Amino acid sequence: MADKKGAMKLISKDKISDKKFYSNNINNKLIYTNGIVEVVTSSGKNEVISRKVIDDKVFSSEGLNLDEITERITNKIIKIMRGEVLKDYIQSQYGKAYPKEIDNIYEHSLKIFSNKEVFIRETIFMRVSNYILENDYINIDGFIKFRMKEFIKYISAIADISLEEYLINRDHEEFIRVLKYFIDTQDVKIDLLKVHIMEDNSFVLYDKNGDKIDSIDDEDIINMVIRENLNYEDFLISTLLSLCPRKIEVMDTLNSNSSKEIIDTLKSIFENRIDIISNN
């Protein structure tokens with residue numbers, strides 16, 4: 001890969017010895033000229049941290065303190081972690097098993113990465129800060145490979161979690177699709193079914209006259225619930241499939257994240273058949 005260079009200017013109070021920078025021989029990957037320090041990485045583009053590089057000459061009038069330098073290096077490393085390390089791991093580990101879904105898996109991993117970015121940023125910033133206080137230059141590509149080996153395992157764990165969550169979501173969506181097809185092909189058995197989600201996370205069913213429905217007659221549904229050890233949500237969905245109502249009214253007394261998830265699932269299956277009734 002082509003070298004990517006980042007230029008940074010040190011203000012006087014943070015300026016490290018000119019001679020130390022100048023005397024380093026690292027195959028021209030670090031250039032020190034008039035207070036400008038180039039930070040190098042192998043990532044494919046010709047970018048800079050501060051201003052710009054033109055014909056190998058560095059142009060910058062901006063003074064940076066060490067925290068600003070660390071922040072900009074951290075931003076570059078996060079960009080590499082997100083766009084290269086994470087993506088390459090997913091491709092190498094799951095590309096053969098899920099060739100048509102690899103992009104979707106990567107997109108899901110970016111969501112998890114974003115949720116963890118505060119921790120990721122703080123960790124990288126601390127390591128970079130400690131490193132540049134003790135060293136005359138930083139090769140970002142080498143820093144990631146050799147100084148952040150353990151942290152790359154954390155990035156790999158994000159990829160593994162993203163695969164697991166992606167497959168769960170994919171299977172759930174397929175499950176919903178099958179149920180929707182089943183509903184569309186069944187004859188309506190009851191005009192209106194009222195569902196009351198109780199505070200103990202159970203549910204009670206009523207017909208259009210407000211009479212309680214005490215039992216479900218579909219033996220196959222009951223046997224499936226027992227066999228699969230289904231929870232209340234699964235049992236409720238199975239019951240609604242058995243009754244196949246034209247319209248469903250749901251009153252949520254529990255009003256928790258759990259009940260909201262149940263209602264969202266019902267909406268995704270029964271769509272415009274569902275009405276939510278306020279209990280106020």
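A polar contact is a pair of N or O atoms within 3.5 Å; within protein, one atom must be able to donate a hydrogen and the other to accept it, and residues adjacent in sequence count only if both atoms are side-chain atoms. In this predicted model, local features need pLDDT of at least 70 and side-chain atom pairs count only at pLDDT 80 or more, whereas totals for chains, interfaces and linings use all residues. Residues are numbered from 1 along each chain as its sequence is written, and side-chain values use heavy atoms, with hydrogens and water left out.

**Overall composition**

The chain has 9 helices and 10 strands; helices (H or I, at least four residues) and strands (E, at least two) are DSSP runs, numbered from the N terminus. Of its 280 residues, 40% count as buried. Here buried means under 20% relative accessible area, exposed over 50%, and partly exposed in between, with a 1.4 Å probe and protein chains only. A contact means heavy atoms within 4.5 Å. Among contacts between residues at least 6 apart in sequence, 74% join residues at least 24 apart.

**Selected residues**

| Residue | Location | Relative accessibility and class |
|---|---|---|
| T74 | helix α2 (residues 66-94) | 0%, buried |
| C244 | loop between α8 (232-243) and β9 (245-252) | 0%, buried |
| N255 | loop between β9 and α9 (257-270) | 53%, exposed |
| I277 | strand β10 (residues 274-277) | 32%, partly exposed |

The side chain of T74 places a polar atom 2.7 Å from the backbone oxygen of T70. Leaving aside neighbours within four places in sequence, T74 is in contact with R121, I124, F125 and V128.

For I277, with neighbours within four places in sequence again left aside, the contacts are E249, V250, M251 and D252. The C-alpha atoms of I277 and I248 are separated by 10.0 Å, and these two residues are 29 apart along the chain.

Two loop residues have unusual signs of phi for discussion here. C244 has phi near 45 degrees, a positive value in a residue other than glycine. N255 likewise has a positive phi, near 50 degrees, and is a residue other than glycine.

**Helix α5**

In helix α5 (residues 140-147), I140, D141, G142, F143 and I144 are buried. At the start of α5, the backbone nitrogen of D141 has a side-chain oxygen of N139 within 3.2 Å.

**Packing of α3 and α6**

Two packed helices are described by the angle between their axes and the distance between the axes. Helix α3 (residues 102-115) and helix α6 (residues 149-184) pack at an angle of about 120 degrees, with their axes 8 Å apart. That angle makes α3 oblique to α6. Axes are lines fitted to C-alpha atoms, for helices over the stretch in contact, and angles run from 0 to 180 degrees between N-to-C directions. Angles under 35 degrees count as roughly parallel, over 145 as roughly antiparallel, 65 to 115 as roughly perpendicular and the rest as oblique.

The crossing of α3 past α6 is right-handed, a term used if the near helix is turned clockwise from the far one by less than a right angle, with anticlockwise giving left-handed. From α3, the residues N104, I105, H108, S109, I112 and F113 meet I155, I158, I161, S162, L163, E165, Y166 and N169 of α6. By class, this contact has 8 nonpolar, 5 polar and 1 charged residues. Ala, Val, Leu, Ile, Met, Phe, Trp, Tyr, Cys and Pro count as nonpolar, Asp, Glu, Lys and Arg as charged, and the others, Gly among them, as polar.
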